[in-house]
Amino acid sequence: MDVLLDVDGPVAVVTLNRPAKLNAITPDMAAALRACLSRVDADPAIRAAVLTGAGERSFCVGSDIGELDEYATPWEFRNRGDYGDAVRALRTPIIAAVNGYAYGGGLELAMACDIRLAADTATFAAPEIKLGWIGGSGQSALLTHAVGPGNAATMLLTGDPIDAARAVAWGLVTDVYPKDELVKAARELAGRIAARPPIAAQTAKANLKAAYSMPLDQAIQYERDLQTVCFSTADAAEGRAAFAERREPVFEGR
């Protein structure tokens with residue numbers, strides 16, 4: 001199978017499993033990834049997820065270029081089921097564990113995740129310009145937010161890769177780990193997120209997404225409204241009770 005799903009308690013690990021092709025994504029693989037992510041969101045027992053790539057060389061190098069000419073028209077290509085959209089639409093918090101190349105659509109996949117961790121061997125690039133096109137799954141907007149307009153322009157206009165050290169310095173990734181420790185670290189972080197009340201975690205994620213596009217006053221009001229929603233949940237009542245009773249809370253997602 002080209003996409004693997006491993007569920008361990010409240011944490012799901014989704015693995016792109018085409019290492020011989022550097023985890024390049026075919027249309028069938030994109031459909032399998034969308035189906036896998038739908039399963040993650042549909043299971044209330046899963047409270048956090050990790051996305052990574054099989055093998056030691058690559059997280060994902062984007063779409064399989066050899067299959068791009070299979071689209072009958074540019075319009076059909078434009079309307080394809082986009083794997084970056086599928087990750088961005090996920091309600092469940094998701095961490096990218098970038099174990100190697102994150103190029104093109106693979107860079108977009110990583111940026112579609114909420115948090116990015118990298119192996120010390122990882123590299124990141126937007127190489128589409130070298131082939132005559134640009135990214136199409138939020139690459140420019142997401143890079144600008146992540147690394148600033150100047151650094152984004154450097155990546156987008158040259159197509160040249162940056163290493164993990166520069167990626168963490170620019171803010172593209174949160175932390176860098178030895179490659180053998182990366183997935184373990186991502187699982188541990190996902191476990192900490194999964195231990196939080198799931199309604200609050202998903203609400204925090206929705207609020208972060210809104211903060212990208214809303215003016216400040218609207219963003220603050222939206223946050224206040226979401227806070228009110230969370231405050232009315234059984235989990236919030238449990239959190240207050242546990243605080244008063246000096247015990248660990250038990251969150252049930254209600």
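**Notebook: helix α8, the sheet and the cores**

I began with helix α8, residues 182-194. It has 13 residues and reaches 18 Å from its first C-alpha to its last. That is close to the 18 Å expected at 1.5 Å a residue. I note here that the model is predicted.

Next I asked which residues of α8 are buried. I found Leu182, Ala185, Ala186, Leu189, Ala190, Ile193 and Ala194. The spacing made me recall a general point. An α-helix has 3.6 residues a turn, so residues three or four places apart point the same way. Then I looked for what covers the buried residues of α8. The cover includes β2, β3, β5, β7 and β10.

**Whole chain**

I stepped back to the overall picture. The secondary structure of the protein chain comes to 11 helices and 10 strands. The radius of gyration is 19 Å, close to the 18 Å that the globule rule gives for 254 residues, so the chain is as compact as a globular protein of that length. Along the principal axes, the C-alpha atoms fill a box of roughly 60 × 40 × 40 Å. Buried residues make up 44% of the 254 residues. I also checked contacts with a separation of 6 or more: 68% of them are between residues 24 or more positions apart.

**The sheet**

In what order do the six strands of the open sheet stand? I read β1-β2-β3-β5-β7-β10, with mixed pairing. The edges are β1 (3-8) and β10 (175-177). Each has a single partner strand, so one side of each is left without a neighbour in the sheet. Neighbouring strands of this sheet are turned by 20° against each other on average, direction ignored.

I then followed β5, residues 94-98, to its partners. β3 and β5 pair in the parallel sense over four bridges. On that side, Thr52 stands opposite Ala97 in β5. β5 also runs parallel to β7 (residues 115-119), and four bridges join the two. Here Ile95 stands opposite Ile115 in β7. The bridge partner of Val98 in β7 is Ala118.

Is β5 covered or open? I count it as mostly covered, with five of its five residues buried. Ile94, Ala96 and Val98 point one way from the strand. Ile95 and Ala97 point the other way, and all are buried.

I looked at helix α1 against the sheet too. α1 lies across β1, β2, β3 (48-53) and β5. It runs at about 15° to β1.

**Thr15**

I picked Thr15 in strand β2, residues 11-16. Is Thr15 buried or exposed? Its relative accessible area is 16%, so Thr15 counts as buried, given that buried means under 20%. I listed its contacts, leaving out residues up to four places away in sequence. Thr15 touches Asp2, Val3 and Leu4, and also Thr52, Gly53 and Ala54. Thr52 is the residue I had already noted opposite Ala97 in β5.

**Cores**

Which residues touch the most other members of the largest nonpolar core? They are Leu51, Leu109, Phe124 and Leu172, in a core of 45 residues. The largest share of this core, six residues, comes from helix α1 (residues 27-42). A second, separate core has 14 residues. Among them are Ala97, Leu117, Ala190 and Ala194. I had met Ala190 and Ala194 among the buried residues of α8. Ala97 I knew as a buried residue of β5.

I followed Leu109 further, again leaving out residues up to four places away in sequence. Leu109 touches Leu16, Ile25, Leu33, Leu51 and Phe59. It also touches Cys60, Tyr83, Gly84 and Val87. Leu51 is another of the residues that touch the most other members of the core.

**Backbone oddities**

Last, I looked at positive phi values outside glycine. Phi of Leu22 is near 60°. Leu22 lies in the loop between β2 and α1. Arg246 has a positive phi of about 55°, although it is not a glycine. Where does Arg246 lie? I placed it in the segment after α11 (234-245). At 82% relative accessibility, Arg246 counts as exposed, since the cut-off for exposed is over 50%.

Definitions and conventions:
Residues numbered from 1 in each chain as written. Predicted model: local features only at pLDDT ≥ 70, side-chain atom pairs only at ≥ 80, totals over all residues. Heavy atoms only, no water. Core = buried A, V, L, I, M, F, W, Y, C linked by side-chain atoms within 4.5 Å. Buried < 20%, exposed > 50% of the residue type's maximum accessible area, 1.4 Å probe, protein only. Contact = heavy atoms within 4.5 Å. Pairing = 2+ DSSP bridges. Axes fitted to C-alpha atoms, helices over the stretch in contact; angles between N-to-C directions. Expected span 1.5 Å × (residues − 1). Rg over C-alpha atoms; globule rule 2.2 N^0.38 Å.
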